[in-house]
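I opened this structure to look up its nonpolar cores and its aromatic pairs. My entries follow.

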Amino acid sequence: MDKLHIEGGTRLDGEIRISGAKNATLPILAGTLLANGPVTVGNVPHLHDITTTVELLGRMGVSVTVDEKMRIEVDTSTIKNLYAPYELVKTMRASILVLGPLLGRFGEADVSLPGGCAIGLRPVNIHVDGLRAMGADIVVENGYIKARCERLKGASLDLDAVTVTGTENLMMAAVLAEGETIINNAACEPEVVDLAAFLNHLGADVQGAGTARIVINGVDSLTGGEYDVLPDRIEAGTYLVAGAITRGRVRVKDVNPEHLTAVLSKLTEAGAQIDVQDDSIELTMHGRPRAVDVSTAPYPMFPTDMQAQFTALNSVAKGRGVISETVFENRFMHVLEMQRMGANITLDGHQAISEGVEQLTAAPVMATDLRASASLVLAGLVAKGRTEISRIYHIDRGYECIEEKLHQLGAVIKRVPD
Ligand code: EPU
């Protein structure tokens, strides 16, 4: 397994392009299962989770071709297996996203239950309850969700919690259902909006995405088409924090700045100067950042997927910062690793309380999940000495060419085979 080696202490300065959003590409690729004609998805990031999704579709007998620009063409006319096996679902929970489309179009789906996760329990009860309310007959047997239905029927769904993939799964199931489905307490994330735009582009009738009430009027079929995925706001936010933590200047281009409002507001509070253009953001940090208090919550509030990166920023910032994680129960694994690098952070229930230190020191550390790994890279960028990060396959799930992009900004980083 590869490792990342980072020599800390370089001030980042430069510009990078932001890739397409992982968390929009995954539901959109699942959504291609609803289309009668071939679908081409563009601006797809080159990531491990995308490869897993391509493999998942391939196992179903779907024809998938990926060109050199990572445009993915999906043709479902050859589909024969309506299932998602454990060996793929256990490596990528988002595989659950095929449940709604398979059931909605073919009336049948066997999808492995995802099981435990490094950041929290992450049950899928809301996905299952919603599908049952639409008429699906669902049993859990031998570790699999086995779902069957005639044509699903529109229903009024009041979700117990705001769930991103839950909203997406139910939206996809409803697109070909009979009649109207209303999803109340829906997730408002830009990735949900992008999925709705994609489905509408193929002929669906989804209204209200981006608000807490989504209304879907079922149609008989979807056509093929071409669609480009939106930019990755979390990747953009991560590189902006890299600029802030190294007291540097980083410009991220091909982004939608509106999607980063909560993150930019916290970076400004930390002392960064932010210059927003139509599709780019430039951050300059003069001097030591100030610690900020952050509380994660569903969009448009501060994203849980940026929590670990701000924990890294606070660890070297001036003063005391309190990070409250309200979305997942166990998303502080990175704190224990940062402590090994000399960070002064105390965990108290769902809060990480830091007193910023002047200097972190390099140590061998281990990545435990995607965003935790990103935060360790950020810590490594400012630690004295050479930080070695192992288990970096987590990073490759969500950050396209991370070492090339950081290198472009001036970081001293390299991937080393173990
Ligand atoms: N929840 C339930 N029951 C359900 C579904 C969710 O109780 O049936 C709870 C979860 O346990 C959690 C909360 O609801 O406490 C929110 O979880 P959500 O379902 O929104 O998370 P998700 O859809 O599984 C997506 C992203 C995550 C991101 C979260 C929150 C994708 C593929 N994944 O996960 O991304 O952290 O939303 O914004 O879109 C990442 O990219 O690193 C990542 C983990």
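Are F198 and Y227 buried or exposed? I looked up both residues, bearing in mind that the model is predicted. F198 is buried, and Y227 is buried as well.

Next I went through the aromatic pairs. I found two of them by the rule I used. In one, the ring centres of F198 and Y227 lie 5.6 Å apart with the planes at 70°; planes over 60 degrees apart count as edge-to-face, so this pair is edge-to-face. I then checked where the partners sit in the chain. F198 belongs to helix α7 (residues 190-201) and Y227 to strand β14 (residues 225-228). They are 29 residues apart, and the pair links distant parts of the chain.

I turned to F302 and F310, which also form an edge-to-face pair. I noted 5.0 Å from centre to centre and 85° between the planes. I looked up burial here too, and both F302 and F310 are buried.

Then I moved to the cores. The largest nonpolar core has 77 residues. The members that touch the most other members are I50, V98, M171, I183, L199 and L222. I asked which helix gives the most to this core. It is helix α6 (residues 164-175), with six residues.

I picked I183 for a list of contacts, leaving out residues up to four places away in sequence. I183 touches L157, L159, T167, L170, M171, A212, R213, I214 and I216. Apart from the largest core I found another, of 64 residues. Its members include F310, L313, V335 and L370. F310 is thus a residue I had already entered, as the ring partner of F302.

Methods: Residues are numbered from 1 along each chain as its sequence is written. This is a predicted model: local features need pLDDT of at least 70, side-chain atom pairs count only at pLDDT 80 or more; totals for chains, interfaces and linings use all residues. Side-chain values use heavy atoms; hydrogens and water are left out. A nonpolar core is a set of buried Ala, Val, Leu, Ile, Met, Phe, Trp, Tyr and Cys residues joined through side-chain atoms within 4.5 Å. Buried means under 20% relative accessible area, exposed over 50%, partly exposed in between (1.4 Å probe, protein chains only). Helices (H or I, at least four residues) and strands (E, at least two) are DSSP runs, numbered from the N terminus. Contact means heavy atoms within 4.5 Å. Rings of Phe, Tyr and Trp (its six-membered ring) pair if their centres lie within 6.5 Å; planes under 30 degrees apart count as stacked, over 60 as edge-to-face and the rest as tilted.
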